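Visitor: I am new to this structure. Please choose a single part and walk me through it closely, then place it in its surroundings.

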Amino acid sequence: MPQLTSFAPARPEEILAPVKPWFVVLTLFLGLIGNLIPVTGVALALKPDFLALILLYWCIQEPRLISVGIAWGLGLLMDVADASVFGQHALAYAVLAYAAEYFRRRVLRFPLWQQAAQVAVLLLLCAGLVLLVRVVGGAPLPRWTYAVGPLVGALLWPVVTALLQWPQRPQRPAGSLAEH
Amino acid sequence: MRHLSVEPPPFFHRGPSPLARLAFFGLLSLALLFTDTRYRYLENVRQVVAIALYPLQRLVLWPGEAVGYAMTYFTVQRTLAGDNAALKQELLVQAPAMQGYQLLQQENARLRALLEVERRLQGATTAAQVLYTGRDPFTQKLFVDKGESAGVQAGQAVIDEVGVVGQVTRVFPYMAEVTLVTDKDYAVPVRVERSGVRSVMYGAGTGRLPELRFLSPNSEIQAGDRLVTSGIDGTYPAGLAVAQVVSVERETGQIFARVICKPLAGVDRSSQVLILGRVAALPQRPEEATDNGPPRKGRNRVRE
(Lines give C-alpha, C1' and ligand atoms only; values in the text may rest on other atoms or scores of the structure.)
Protein backbone atom coordinates (compact mmCIF):
# COMPACT_ATOMS: atom_id res chain seq x y z
CA MET A 1 0.00 0.00 0.00
CA PRO A 2 1.55 3.32 -0.99
CA GLN A 3 2.10 5.73 1.81
CA LEU A 4 0.23 8.99 1.60
CA THR A 5 3.08 10.77 3.26
CA SER A 6 5.27 10.04 0.28
CA PHE A 7 3.57 12.90 -1.56
CA ALA A 8 4.76 15.37 1.05
CA PRO A 9 7.69 17.54 -0.02
CA ALA A 10 11.15 16.43 0.83
CA ARG A 11 12.55 17.87 4.00
CA PRO A 12 16.00 19.36 3.61
CA GLU A 13 17.65 16.53 5.50
CA GLU A 14 16.05 13.90 3.33
CA ILE A 15 18.35 12.48 0.70
CA LEU A 16 16.82 12.15 -2.76
CA ALA A 17 17.77 9.54 -5.30
CA PRO A 18 19.61 10.99 -8.33
CA VAL A 19 17.27 12.20 -11.03
CA LYS A 20 16.91 10.24 -14.27
CA PRO A 21 17.59 12.41 -17.31
CA TRP A 22 14.76 10.80 -19.30
CA PHE A 23 12.35 11.85 -16.57
CA VAL A 24 13.49 15.48 -16.89
CA VAL A 25 13.04 15.33 -20.66
CA LEU A 26 9.61 13.71 -20.29
CA THR A 27 8.34 16.35 -17.85
CA LEU A 28 9.60 19.20 -20.01
CA PHE A 29 7.86 17.57 -22.97
CA LEU A 30 4.63 17.34 -20.96
CA GLY A 31 5.03 21.00 -20.04
CA LEU A 32 5.32 21.89 -23.72
CA ILE A 33 2.18 19.87 -24.47
CA GLY A 34 0.41 21.61 -21.59
CA ASN A 35 1.24 24.95 -23.18
CA LEU A 36 -0.07 23.79 -26.56
CA ILE A 37 -3.54 22.93 -25.21
CA PRO A 38 -5.93 25.28 -26.99
CA VAL A 39 -8.13 27.15 -24.53
CA THR A 40 -10.03 30.39 -24.75
CA GLY A 41 -11.65 32.97 -22.50
CA VAL A 42 -11.30 32.63 -18.75
CA ALA A 43 -9.29 29.40 -18.99
CA LEU A 44 -6.76 31.21 -21.18
CA ALA A 45 -6.37 33.97 -18.60
CA LEU A 46 -5.95 31.43 -15.79
CA LYS A 47 -3.62 29.10 -17.65
CA PRO A 48 -0.11 29.27 -16.26
CA ASP A 49 2.95 28.79 -18.41
CA PHE A 50 3.45 25.09 -17.59
CA LEU A 51 6.72 24.88 -19.46
CA ALA A 52 8.19 27.84 -17.57
CA LEU A 53 7.07 26.32 -14.28
CA ILE A 54 8.61 22.89 -14.93
CA LEU A 55 11.71 24.50 -16.40
CA LEU A 56 12.06 26.62 -13.28
CA TYR A 57 11.76 23.53 -11.09
CA TRP A 58 14.55 21.70 -12.89
CA CYS A 59 16.74 24.81 -13.02
CA ILE A 60 16.44 25.08 -9.26
CA GLN A 61 16.83 21.38 -8.51
CA GLU A 62 19.23 20.24 -11.23
CA PRO A 63 21.22 23.23 -12.47
CA ARG A 64 23.89 20.96 -13.92
CA LEU A 65 21.36 19.27 -16.19
CA ILE A 66 19.06 22.09 -17.20
CA SER A 67 20.30 25.61 -17.52
CA VAL A 68 20.27 28.69 -19.70
CA GLY A 69 20.99 27.00 -23.03
CA ILE A 70 18.20 24.43 -22.87
CA ALA A 71 15.79 27.04 -21.54
CA TRP A 72 16.61 29.21 -24.53
CA GLY A 73 15.93 26.36 -26.97
CA LEU A 74 12.58 25.59 -25.36
CA GLY A 75 11.73 29.28 -25.56
CA LEU A 76 12.31 29.18 -29.32
CA LEU A 77 9.90 26.25 -29.59
CA MET A 78 7.27 28.26 -27.71
CA ASP A 79 7.81 31.24 -30.00
CA VAL A 80 7.00 29.12 -33.03
CA ALA A 81 4.05 27.40 -31.34
CA ASP A 82 2.56 30.76 -30.34
CA ALA A 83 3.40 32.36 -33.68
CA SER A 84 4.81 35.25 -31.71
CA VAL A 85 7.95 37.24 -32.38
CA PHE A 86 11.04 35.04 -32.66
CA GLY A 87 13.11 35.28 -29.51
CA GLN A 88 10.70 36.69 -26.97
CA HIS A 89 10.11 33.47 -25.04
CA ALA A 90 13.70 32.44 -25.67
CA LEU A 91 14.94 35.60 -23.96
CA ALA A 92 12.42 35.29 -21.11
CA TYR A 93 13.22 31.61 -20.43
CA ALA A 94 16.96 32.22 -20.59
CA VAL A 95 16.68 34.99 -18.01
CA LEU A 96 14.36 32.79 -15.93
CA ALA A 97 16.91 29.98 -15.95
CA TYR A 98 19.69 32.35 -14.94
CA ALA A 99 17.60 33.86 -12.13
CA ALA A 100 16.73 30.35 -10.93
CA GLU A 101 20.39 29.40 -10.84
CA TYR A 102 21.23 32.60 -9.00
CA PHE A 103 18.52 32.24 -6.36
CA ARG A 104 18.32 28.46 -6.04
CA ARG A 105 20.16 28.11 -2.74
CA ARG A 106 17.97 30.77 -1.17
CA VAL A 107 14.72 29.35 -2.57
CA LEU A 108 15.48 25.81 -1.41
CA ARG A 109 15.94 26.89 2.20
CA PHE A 110 12.27 27.77 2.63
CA PRO A 111 9.19 25.62 3.09
CA LEU A 112 7.13 25.08 -0.05
CA TRP A 113 4.60 27.88 0.43
CA GLN A 114 7.30 30.45 0.91
CA GLN A 115 9.12 29.00 -2.08
CA ALA A 116 5.92 29.60 -4.04
CA ALA A 117 6.04 33.32 -3.19
CA GLN A 118 9.57 33.56 -4.57
CA VAL A 119 8.59 31.53 -7.61
CA ALA A 120 5.76 34.02 -8.21
CA VAL A 121 8.34 36.79 -8.47
CA LEU A 122 10.45 34.76 -10.91
CA LEU A 123 7.45 33.85 -13.10
CA LEU A 124 6.26 37.47 -13.10
CA LEU A 125 9.73 38.52 -14.15
CA CYS A 126 9.53 36.05 -17.03
CA ALA A 127 6.08 37.33 -18.10
CA GLY A 128 7.25 40.91 -17.61
CA LEU A 129 10.13 40.37 -20.03
CA VAL A 130 7.75 39.08 -22.70
CA LEU A 131 5.53 42.10 -22.06
CA LEU A 132 8.48 44.48 -22.31
CA VAL A 133 9.63 42.97 -25.60
CA ARG A 134 6.15 43.21 -27.09
CA VAL A 135 5.41 46.73 -25.90
CA VAL A 136 8.75 47.94 -27.24
CA GLY A 137 7.75 46.23 -30.50
CA GLY A 138 4.57 48.31 -30.62
CA ALA A 139 1.94 45.97 -29.17
CA PRO A 140 -0.83 47.43 -27.00
CA LEU A 141 -0.71 46.83 -23.25
CA PRO A 142 -2.69 43.74 -22.30
CA ARG A 143 -5.25 43.85 -19.51
CA TRP A 144 -4.33 43.19 -15.87
CA THR A 145 -5.40 39.56 -16.27
CA TYR A 146 -2.04 39.07 -17.95
CA ALA A 147 -0.51 38.74 -14.47
CA VAL A 148 -2.98 36.06 -13.35
CA GLY A 149 -1.29 33.21 -15.24
CA PRO A 150 2.11 33.54 -13.46
CA LEU A 151 0.37 33.78 -10.07
CA VAL A 152 -1.61 30.61 -10.75
CA GLY A 153 1.69 29.02 -11.75
CA ALA A 154 3.20 30.00 -8.40
CA LEU A 155 0.20 28.50 -6.59
CA LEU A 156 0.87 25.26 -8.44
CA TRP A 157 4.49 25.21 -7.27
CA PRO A 158 3.93 22.90 -4.26
CA VAL A 159 1.99 20.46 -6.47
CA VAL A 160 4.65 20.54 -9.17
CA THR A 161 7.39 19.99 -6.59
CA ALA A 162 5.57 17.06 -5.02
CA LEU A 163 4.89 15.41 -8.39
CA LEU A 164 8.32 15.93 -9.91
CA GLN A 165 10.12 14.85 -6.74
CA TRP A 166 8.06 11.75 -6.23
CA PRO A 167 10.18 9.33 -8.31
CA GLN A 168 13.33 10.50 -6.52
CA ARG A 169 12.03 10.04 -3.00
CA PRO A 170 13.13 7.04 -0.98
CA GLN A 171 10.53 4.33 -1.31
CA ARG A 172 10.80 2.92 2.19
CA PRO A 173 10.65 4.80 5.50
CA ALA A 174 13.92 6.44 6.43
CA GLY A 175 14.52 4.16 9.47
CA SER A 176 14.31 0.76 7.75
CA LEU A 177 17.60 0.51 5.94
CA ALA A 178 18.34 -2.94 7.36
CA GLU A 179 17.64 -5.01 4.25
CA HIS A 180 19.59 -2.70 2.01
CA MET B 1 46.73 38.21 -7.06
CA ARG B 2 45.04 37.09 -3.86
CA HIS B 3 44.98 33.42 -4.65
CA LEU B 4 47.21 31.58 -6.98
CA SER B 5 44.85 28.74 -7.88
CA VAL B 6 41.64 30.45 -8.94
CA GLU B 7 40.81 27.70 -11.41
CA PRO B 8 38.73 24.89 -9.91
CA PRO B 9 40.10 21.37 -10.42
CA PRO B 10 38.93 19.77 -13.67
CA PHE B 11 36.60 17.50 -11.68
CA PHE B 12 34.29 20.49 -11.06
CA HIS B 13 34.35 21.93 -14.54
CA ARG B 14 30.92 23.07 -15.65
CA GLY B 15 31.62 24.96 -18.82
CA PRO B 16 31.14 28.72 -19.08
CA SER B 17 29.67 30.51 -16.09
CA PRO B 18 25.90 31.03 -15.96
CA LEU B 19 26.32 34.75 -16.46
CA ALA B 20 28.41 34.22 -19.57
CA ARG B 21 25.78 31.83 -20.92
CA LEU B 22 23.02 34.29 -20.14
CA ALA B 23 24.89 37.05 -21.91
CA PHE B 24 25.43 34.84 -24.97
CA PHE B 25 21.87 33.57 -25.24
CA GLY B 26 20.39 36.94 -24.26
CA LEU B 27 22.26 38.66 -27.07
CA LEU B 28 21.25 35.89 -29.45
CA SER B 29 17.60 36.41 -28.48
CA LEU B 30 17.86 40.14 -28.99
CA ALA B 31 19.42 39.57 -32.40
CA LEU B 32 16.58 37.19 -33.29
CA LEU B 33 13.97 39.66 -32.06
CA PHE B 34 15.50 42.43 -34.12
CA THR B 35 15.85 40.30 -37.25
CA ASP B 36 12.33 38.94 -36.98
CA THR B 37 10.56 42.25 -36.41
CA ARG B 38 12.59 44.31 -38.86
CA TYR B 39 13.46 42.01 -41.73
CA ARG B 40 11.40 38.81 -41.45
CA TYR B 41 14.38 36.71 -42.57
CA LEU B 42 13.50 33.86 -40.28
CA GLU B 43 10.31 32.57 -41.89
CA ASN B 44 12.11 29.45 -43.18
CA VAL B 45 13.35 28.54 -39.72
CA ARG B 46 9.85 29.07 -38.42
CA GLN B 47 8.44 26.75 -41.08
CA VAL B 48 10.84 23.96 -40.14
CA VAL B 49 10.13 24.20 -36.42
CA ALA B 50 6.41 24.45 -37.14
CA ILE B 51 6.51 21.16 -39.05
CA ALA B 52 8.21 19.52 -36.08
CA LEU B 53 5.58 20.89 -33.72
CA TYR B 54 2.60 20.03 -35.91
CA PRO B 55 2.06 16.41 -34.72
CA LEU B 56 2.15 17.64 -31.12
CA GLN B 57 -0.41 20.31 -31.81
CA ARG B 58 -2.75 17.81 -33.46
CA LEU B 59 -2.23 15.38 -30.58
CA VAL B 60 -3.27 18.03 -28.08
CA LEU B 61 -6.38 18.86 -30.11
CA TRP B 62 -7.45 15.23 -30.28
CA PRO B 63 -9.23 14.87 -26.88
CA GLY B 64 -11.39 17.94 -27.54
CA GLU B 65 -12.26 16.70 -31.01
CA ALA B 66 -13.14 13.27 -29.65
CA VAL B 67 -15.46 14.78 -27.04
CA GLY B 68 -17.08 16.95 -29.68
CA TYR B 69 -17.59 13.95 -31.93
CA ALA B 70 -19.13 11.93 -29.12
CA MET B 71 -21.48 14.81 -28.24
CA THR B 72 -22.61 15.06 -31.85
CA TYR B 73 -23.09 11.32 -32.04
CA PHE B 74 -25.37 11.23 -29.05
CA THR B 75 -27.52 14.17 -30.09
CA VAL B 76 -31.11 13.24 -29.53
CA GLN B 77 -32.82 11.82 -32.60
CA ARG B 78 -35.80 14.10 -32.07
CA THR B 79 -33.69 17.22 -32.24
CA LEU B 80 -32.34 16.06 -35.56
CA ALA B 81 -35.83 15.29 -36.89
CA GLY B 82 -37.02 18.71 -35.78
CA ASP B 83 -34.06 20.41 -37.38
CA ASN B 84 -34.65 18.47 -40.55
CA ALA B 85 -38.28 19.55 -40.80
CA ALA B 86 -37.40 23.17 -40.11
CA LEU B 87 -34.64 23.11 -42.70
CA LYS B 88 -36.92 21.58 -45.32
CA GLN B 89 -39.46 24.30 -44.69
CA GLU B 90 -36.77 26.96 -44.96
CA LEU B 91 -35.60 25.41 -48.21
CA LEU B 92 -39.12 25.64 -49.61
CA VAL B 93 -39.41 29.26 -48.55
CA GLN B 94 -36.12 30.10 -50.19
CA ALA B 95 -36.67 28.06 -53.34
CA PRO B 96 -38.18 30.92 -55.41
CA ALA B 97 -35.36 33.23 -54.44
CA MET B 98 -32.82 30.54 -55.29
CA GLN B 99 -34.31 29.92 -58.73
CA GLY B 100 -34.38 33.64 -59.33
CA TYR B 101 -30.78 33.83 -58.21
CA GLN B 102 -29.71 31.25 -60.76
CA LEU B 103 -31.44 33.19 -63.49
CA LEU B 104 -29.78 36.38 -62.33
CA GLN B 105 -26.42 34.68 -62.16
CA GLN B 106 -26.72 33.44 -65.73
CA GLU B 107 -27.79 36.86 -66.86
CA ASN B 108 -24.93 38.41 -64.96
CA ALA B 109 -22.47 35.99 -66.54
CA ARG B 110 -23.73 36.86 -70.01
CA LEU B 111 -23.49 40.57 -69.31
CA ARG B 112 -20.00 40.20 -67.93
CA ALA B 113 -18.96 38.14 -70.91
CA LEU B 114 -20.33 40.89 -73.09
CA LEU B 115 -18.33 43.47 -71.22
CA GLU B 116 -15.31 41.17 -71.23
CA VAL B 117 -14.79 41.73 -67.56
CA GLU B 118 -12.44 39.41 -65.81
CA ARG B 119 -13.88 37.13 -63.21
CA ARG B 120 -13.52 38.86 -59.90
CA LEU B 121 -12.37 35.86 -57.94
CA GLN B 122 -9.54 33.73 -59.20
CA GLY B 123 -9.03 30.27 -57.86
CA ALA B 124 -11.34 28.24 -55.73
CA THR B 125 -12.50 29.07 -52.26
CA THR B 126 -11.44 26.73 -49.48
CA ALA B 127 -13.56 25.78 -46.49
CA ALA B 128 -11.47 25.42 -43.37
CA GLN B 129 -11.95 24.55 -39.77
CA VAL B 130 -10.57 26.65 -36.95
CA LEU B 131 -8.02 24.61 -35.01
CA TYR B 132 -7.45 27.03 -32.17
CA THR B 133 -7.18 30.70 -31.45
CA GLY B 134 -3.76 32.16 -30.82
CA ARG B 135 -2.45 32.04 -27.27
CA ASP B 136 -0.37 35.18 -27.63
CA PRO B 137 -2.29 37.83 -25.65
CA PHE B 138 -0.78 40.64 -27.70
CA THR B 139 -2.17 39.68 -31.09
CA GLN B 140 -5.48 38.52 -32.48
CA LYS B 141 -4.89 35.43 -34.53
CA LEU B 142 -6.37 32.03 -35.18
CA PHE B 143 -5.17 28.89 -36.86
CA VAL B 144 -7.09 26.91 -39.46
CA ASP B 145 -6.54 23.35 -40.66
CA LYS B 146 -5.84 24.16 -44.32
CA GLY B 147 -2.39 25.19 -45.42
CA GLU B 148 -0.01 25.11 -48.32
CA SER B 149 -1.07 21.54 -49.17
CA ALA B 150 -4.61 22.83 -49.81
CA GLY B 151 -3.39 25.71 -51.96
CA VAL B 152 -3.83 28.43 -49.37
CA GLN B 153 -1.64 31.49 -49.91
CA ALA B 154 -0.72 34.34 -47.65
CA GLY B 155 -2.90 37.35 -48.32
CA GLN B 156 -6.15 35.53 -48.97
CA ALA B 157 -9.25 36.89 -47.29
CA VAL B 158 -11.09 34.79 -44.71
CA ILE B 159 -14.82 35.09 -44.06
CA ASP B 160 -17.48 33.23 -42.14
CA GLU B 161 -21.20 33.01 -42.83
CA VAL B 162 -21.80 36.54 -41.54
CA GLY B 163 -18.84 38.58 -42.69
CA VAL B 164 -15.12 39.19 -42.84
CA VAL B 165 -12.99 37.40 -40.25
CA GLY B 166 -9.52 38.41 -41.37
CA GLN B 167 -6.70 37.56 -43.70
CA VAL B 168 -4.22 34.70 -44.05
CA THR B 169 -0.85 36.02 -42.89
CA ARG B 170 1.33 32.93 -42.63
CA VAL B 171 1.03 29.61 -44.38
CA PHE B 172 2.43 26.39 -42.95
CA PRO B 173 2.28 23.06 -44.80
CA TYR B 174 -0.86 21.82 -43.05
CA MET B 175 -2.20 24.89 -41.35
CA ALA B 176 -2.44 28.61 -41.81
CA GLU B 177 -2.39 31.60 -39.51
CA VAL B 178 -5.21 34.09 -39.91
CA THR B 179 -4.87 37.61 -38.53
CA LEU B 180 -8.26 38.84 -37.34
CA VAL B 181 -9.72 42.21 -38.21
CA THR B 182 -9.54 43.08 -34.50
CA ASP B 183 -5.74 42.81 -34.45
CA LYS B 184 -4.02 46.07 -33.57
CA ASP B 185 -3.66 48.39 -36.57
CA TYR B 186 -5.05 45.79 -38.95
CA ALA B 187 -6.77 47.82 -41.67
CA VAL B 188 -9.81 46.92 -43.79
CA PRO B 189 -11.03 49.36 -46.45
CA VAL B 190 -14.75 49.74 -45.87
CA ARG B 191 -17.74 51.62 -47.19
CA VAL B 192 -20.82 52.66 -45.24
CA GLU B 193 -23.56 50.62 -46.84
CA ARG B 194 -26.25 53.26 -46.37
CA SER B 195 -24.44 56.37 -47.58
CA GLY B 196 -21.47 55.04 -49.51
CA VAL B 197 -18.90 56.96 -47.48
CA ARG B 198 -15.51 55.27 -47.82
CA SER B 199 -13.12 54.80 -44.95
CA VAL B 200 -10.66 52.36 -43.42
CA MET B 201 -11.40 50.34 -40.32
CA TYR B 202 -8.46 49.83 -37.95
CA GLY B 203 -8.33 47.08 -35.36
CA ALA B 204 -7.49 48.19 -31.83
CA GLY B 205 -6.09 45.03 -30.27
CA THR B 206 -7.29 42.50 -27.74
CA GLY B 207 -10.45 43.46 -25.89
CA ARG B 208 -10.99 46.72 -27.72
CA LEU B 209 -13.36 47.51 -30.57
CA PRO B 210 -12.07 48.60 -33.99
CA GLU B 211 -12.52 52.18 -35.12
CA LEU B 212 -12.71 54.26 -38.27
CA ARG B 213 -9.99 56.87 -38.39
CA PHE B 214 -9.75 60.10 -40.33
CA LEU B 215 -13.47 60.55 -40.93
CA SER B 216 -14.47 64.19 -40.88
CA PRO B 217 -17.14 65.07 -38.30
CA ASN B 218 -19.70 65.90 -40.97
CA SER B 219 -19.49 62.54 -42.75
CA GLU B 220 -22.74 60.75 -43.32
CA ILE B 221 -22.45 58.03 -40.70
CA GLN B 222 -24.48 57.13 -37.64
CA ALA B 223 -24.70 54.41 -35.01
CA GLY B 224 -26.19 51.24 -36.44
CA ASP B 225 -24.80 51.67 -39.95
CA ARG B 226 -23.42 48.56 -41.55
CA LEU B 227 -19.90 48.67 -42.97
CA VAL B 228 -19.07 46.55 -46.00
CA THR B 229 -15.77 46.05 -47.79
CA SER B 230 -15.19 48.63 -50.48
CA GLY B 231 -13.07 46.33 -52.62
CA ILE B 232 -10.55 49.01 -53.50
CA ASP B 233 -7.60 47.26 -51.86
CA GLY B 234 -7.62 44.15 -54.04
CA THR B 235 -7.68 41.85 -51.02
CA TYR B 236 -11.34 41.69 -50.16
CA PRO B 237 -14.04 41.47 -52.82
CA ALA B 238 -16.47 44.39 -52.54
CA GLY B 239 -19.64 44.09 -50.52
CA LEU B 240 -18.68 41.68 -47.74
CA ALA B 241 -20.14 42.67 -44.39
CA VAL B 242 -17.46 43.77 -41.94
CA ALA B 243 -18.84 45.59 -38.95
CA GLN B 244 -21.62 47.66 -37.47
CA VAL B 245 -21.11 51.16 -36.14
CA VAL B 246 -21.62 51.23 -32.39
CA SER B 247 -21.09 54.89 -31.61
CA VAL B 248 -20.14 58.10 -33.35
CA GLU B 249 -18.67 60.93 -31.29
CA ARG B 250 -18.38 64.32 -32.89
CA GLU B 251 -16.57 66.84 -30.74
CA THR B 252 -16.17 70.38 -31.89
CA GLY B 253 -12.51 70.54 -30.89
CA GLN B 254 -11.53 67.48 -32.87
CA ILE B 255 -10.68 67.34 -36.55
CA PHE B 256 -11.97 63.82 -36.96
CA ALA B 257 -15.03 62.02 -35.70
CA ARG B 258 -14.48 59.09 -33.36
CA VAL B 259 -16.30 56.10 -34.79
CA ILE B 260 -16.31 52.80 -32.90
CA CYS B 261 -17.56 49.67 -34.63
CA LYS B 262 -18.21 46.08 -33.73
CA PRO B 263 -17.24 43.26 -36.10
CA LEU B 264 -20.22 41.36 -37.47
CA ALA B 265 -18.50 38.05 -38.17
CA GLY B 266 -17.90 35.72 -35.28
CA VAL B 267 -14.30 36.88 -35.28
CA ASP B 268 -13.50 35.04 -32.08
CA ARG B 269 -16.33 32.51 -32.12
CA SER B 270 -16.81 30.94 -35.54
CA SER B 271 -15.41 27.45 -35.96
CA GLN B 272 -15.89 27.15 -39.72
CA VAL B 273 -14.43 29.72 -42.08
CA LEU B 274 -14.09 30.15 -45.80
CA ILE B 275 -10.79 31.17 -47.37
CA LEU B 276 -11.56 33.17 -50.50
CA GLY B 277 -9.62 32.95 -53.73
CA ARG B 278 -7.45 35.83 -54.79
CA VAL B 279 -9.16 38.87 -56.20
CA ALA B 280 -8.08 39.57 -59.75
CA ALA B 281 -5.03 41.78 -59.79
CA LEU B 282 -5.82 45.45 -59.92
CA PRO B 283 -4.13 47.66 -62.47
CA GLN B 284 -0.75 48.95 -61.37
CA ARG B 285 -0.86 51.89 -59.03
CA PRO B 286 0.32 55.07 -60.72
CA GLU B 287 3.75 56.29 -59.69
CA GLU B 288 3.85 58.72 -56.82
CA ALA B 289 5.06 62.19 -57.69
CA THR B 290 8.85 62.31 -57.39
CA ASP B 291 10.61 64.57 -54.95
CA ASN B 292 12.04 66.95 -57.48
CA GLY B 293 8.60 67.97 -58.69
CA PRO B 294 6.83 70.99 -57.23
CA PRO B 295 5.45 70.37 -53.75
CA ARG B 296 1.82 69.41 -53.70
CA LYS B 297 -0.38 72.11 -52.29
CA GLY B 298 -3.46 70.10 -51.44
CA ARG B 299 -5.28 66.89 -51.88
CA ASN B 300 -7.46 68.12 -54.69
CA ARG B 301 -4.62 69.11 -56.94
CA VAL B 302 -5.02 67.51 -60.33
CA ARG B 303 -2.09 65.36 -61.39
CA GLU B 304 -0.69 66.01 -64.83
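Guide: Here is a close look at the strands of chain B, followed by a shorter tour of what else there is to see.

This is a predicted model: local features need pLDDT of at least 70 and side-chain atom pairs 80 or more, while totals for chains, interfaces and linings use all residues. Residues count from 1 along each chain as its sequence is written, and chains are lettered from A, and ligands numbered from 1, in the order in which they are written.

Start with one barrel. Six strands of chain B close into it (strands are DSSP runs of E, at least two residues; helices are runs of H or I, at least four; both are numbered from the N terminus). Its order is 2-3-6-5-4-13, with antiparallel pairing. Neighbouring strands of this sheet are turned by 45° against each other on average, direction ignored (axes are lines fitted to C-alpha atoms, over the stretch in contact for helices; angles between N-to-C directions run from 0 to 180 degrees).

Zoom in on one pair. Strand 4 of chain B covers residues 157–159, and strand 5 of chain B covers residues 164–171. Three bridges join these two strands in the antiparallel sense (strands pair if DSSP finds at least two bridges between them). At one of the bridges, Ala157(B) has Gln167(B) in strand 5 as its partner.

Now the other barrel order. In chain B, strands 7-8-9-12-11-10 form a closed barrel of six strands, again with antiparallel pairing. Here the average turn between neighbouring strands is 40°, direction ignored.

Follow this barrel strand by strand. Strand 7 of chain B (residues 187–192) pairs with strand 8 of chain B over five bridges, antiparallel. Val190(B) stands opposite Ser199(B) in strand 8. Strand 8 (residues 198–202) in turn pairs with strand 9 (residues 211–215) of chain B. That antiparallel pairing has two bridges. Tyr202(B) faces Glu211(B) across it. Strand 9 of chain B also runs antiparallel to strand 12 (residues 257–263) of chain B, joined by three bridges. There, Leu215(B) has Ala257(B) as its bridge partner.

Chain B has helices too. Helix 3 of chain B spans residues 77–115 and holds Gln102(B). Gln102(B) is exposed because 9 other C-beta atoms lie within 10 Å (12 or fewer means exposed, 20 or more buried, in between partly exposed, with C-beta atoms placed from the backbone). Tyr41(B) is 61 residues from Gln102(B) along the chain, and their C-alpha atoms are separated by 48 Å.

Chain A is built another way. It has eight helices and zero strands. Of its 180 residues, 39% are buried. Helix 8 of chain A (residues 157–165) has Trp157(A), Val160(A) and Gln165(A) buried. They cover an arc of only 110° around the axis, so they sit on the same side of helix 8 of chain A (the arc is that of the directions from the helix axis to the C-beta atoms). Their cover includes helix 3 (50–61), helix 6 (112–136) and helix 7 (148–155) of chain A.

Last, confidence. Chain B averages a pLDDT of 80, and 83% of its residues score at least 70 (pLDDT is the predictor's confidence in each residue, from 0 to 100). Over residues 293–304 of chain B, pLDDT stays under 50. The model as a whole scores ipTM 0.79 and pTM 0.73.

Notes: Two residues are in contact if their C-beta atoms, placed from the backbone, lie within 7 Å.
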